[in-house]
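Open the model in a viewer and keep a selection tool ready. The stops below go from a sheet to a pair of helices.

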Amino acid sequence: MTTVADRIREIRSAPTGKQVCAFFDYDGTLIEGFSVVAFARARVRSLEFGLGEALDFLMIGLRGVESEQDYAEVLRATKPTFAGKTYAELLDFGATLFREETAAKLRPQMWQLLRVHREMGHRIVIASSATRFQIEPIAREIDADHALATDVEVVDGVVTGEILGRPLWGPGKAAAVRRLANEYDLDLKSSFAYSDGNEDVPYLESVGHPAAISPQSGLRAVATDRGWPILDITNPTHNKWEMAVRTGAFYGSFLAGAAAGVVGGLVRGDREAAIQAGVSAGNDVGMALAGVDVKVLDGQDYLTSARPCVFVFNHQSKLDLPVLVNLIRSHATGVAKKEIKQLPVLGPILDAAGLVFIDRADAGKAIEQLEPAVRKLREDGACLVVSPEGTRSATPRLGPFKKGPFHIAAQAGVPVVPVVLRNCGELMWRGDQLVKPGTVEVRVLPPVDTSSWTAETMGEHADEVRQMFVHALADWPVEAFDDGRQTRTSGVFDD
């Protein structure tokens with residue numbers, strides 16, 4: 001069996017540039033399961049799913065999908081899902097379902113392969129038999145160059161439910177790949193393709209570097225016979241009751257540490273330092289009880305040697321804050337949206353610990369609102385911990401960096417230290433309430449000198465630091481382990 005590390009080596013040995021493509025199937029490949037399930041579930045919740053539609057799907061399930069004609073029957077059965085709705089409405093609907101449900105099914109290993117292809121400058125293409133409403137959100141998230149999908153008829157902005165052209169199932173998908181290659185004069189022999197389905201053999205054999213991803217039995221047999229790489233990938237599963245207990249223990253320890261800090265502050269007279277020390281101790285115990293470990297792969301010394309500084313990190317999850325507390329420990333302040341301050345218990349704790357709260361809706365006063373943080377950097381020698389992205393993404397995608405944190409570092413005359421978090425989102429996805437056990441991997445990059453930065457060039461410097469994150473995530477040390485796993489994350493890369 002091929003490992004993710006093996007595949008990354010193969011990608012990096014390929015030519016660079018947009019003439020080389022990386023074609024990704026969606027359902028069962030980039031994500032576990034099928035995106036149409038989210039659509040069906042939404043229709044059931046809205047009571048739109050009728051008995052006749054349910055019987056159609058039952059018959060299709062019993063008969064199976066073995067040909068383009070069978071897939072055409074599937075599309076006819078899904079017609080009520082789309083017919084009569086506006087094209088814009090369906091795109092918004094698909095984006096909402098992706099953000100709230102489907103994004104959590106993304107396979108982190110495939111995301112890493114995407115990163116490496118992007119780093120090589122390859123043309124990224126989503127190639128799916130699904131409708132555009134299902135794949136458009138993921139195409140935007142990965143910044144795909146093209147999205148090949150089964151298209152539906154639109155009349156005066158309203159979807160009729162009829163299929164336009166040949167569905168991208170089996171040979172139809174392979175034909176779409178060849179059309180794209182002819183249009184852009186692509187090098188298919190040097191290109192890559194990924195899929196899990198039996199029907200995608202023609203699509204996979206159209207490129208020089210196919211790979212079967214947790215394949216169905218028919219594709220597994222073909223891949224074995226032809227010597228194609230087979231990557232068996234699964235996301236880890238955990239007992240929800242155990243996760244609930246662990247999560248409760250984590251929050252309990254965090255709050256207990258904060259309470260101890262409040263008492264210590266009353267005794268010693270330095271409330272902020274005492275609360276930070278108490279929160280740090282309670283956080284350590286809580287993360288241990290939750291089964292969360294933090295491993296700094298490189299750059300551990302930069303967490304202390306460059307202080308005072310502005311620590312910038314990529315924002316993935318509610319777990320980011322505990323991880324940063326574990327890493328930075330004390331004598332630091334952070335930035336949070338003002339709504340956090342109003343939260344019962346947590347808001348007052350963070351306020352007492354010295355966090356700076358800002359109104360994101362008032363972007364014009366962003367620098368002014370951060371003045372307390374600048375004073376702490378200049379006068380107290382404290383560090384600032386902030387995410388330049390400002391908000392969490394539904395996926396591991398790195399968002400654009402805002403200039404505010406970099407203005408602060410330059411004004412205070414301190415360096416910027418990038419803290420790259422690889423997988424906080426895998427242990428606690430956006431919107432999740434329970435923490436999964438595992439290891440959060442971190443790389444701390446060398447401090448960036450800000451002494452020559454000016455307000456006029458701040459956007460360029462923010463982009464330069466963002467590129468440091470992009471390169472670090474794409475070049476994650478994947479060859480460090482004898483068993484071929486990509487990381488130490490619990491369960492994710494186990495055979």
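Two strands are taken to pair if DSSP finds at least two bridges between them. This is a predicted model, and the tour begins with strand 3.

Select residues 146-155, which form strand 3, together with strand 4: the two run antiparallel and are joined by four bridges. Within this pair, pick aspartate 151; its bridge partner in strand 4 is leucine 164.

Keep strand 4 selected and add residues 132-141. This is helix 8, which packs on the sheet and touches strand 2 (123-131), strand 3 and strand 4. The direction of helix 8 makes about 155 degrees with that of strand 2.

Now show the whole sheet. It is open, has seven strands in the order 4-3-2-1-5-6-7, and its pairing is mixed. Look at the edges, where strand 4 (158-164) and strand 7 (230-231) stand; each has a single partner strand, so one side of each lacks a neighbour in the sheet.

Leave the sheet and select residues 371-380 and 404-412, which are helix 19 and helix 20. What is the angle at which helix 19 and helix 20 pack? The angle is about 30 degrees, and the axes lie 10 Å apart. Angles under 35 degrees count as roughly parallel, so helix 19 is roughly parallel to helix 20. The crossing of helix 19 past helix 20 is right-handed.

Finally, display the side chains where these helices meet. Val374, Leu377 and Arg378 come from helix 19, and they meet Ile408, Gln411 and Ala412 of helix 20. Sorted by class, this contact has four nonpolar residues, one polar and one charged.

Terms used:
Residues numbered from 1 in each chain as written. Predicted model: local features only at pLDDT ≥ 70, side-chain atom pairs only at ≥ 80, totals over all residues. Heavy atoms only, no water. Contact = heavy atoms within 4.5 Å. Axes fitted to C-alpha atoms, helices over the stretch in contact; angles between N-to-C directions. Parallel < 35°, antiparallel > 145°, perpendicular 65-115°, else oblique. Left-handed = near helix turned anticlockwise from the far one by under 90°. Nonpolar A, V, L, I, M, F, W, Y, C, P; charged D, E, K, R; others polar.
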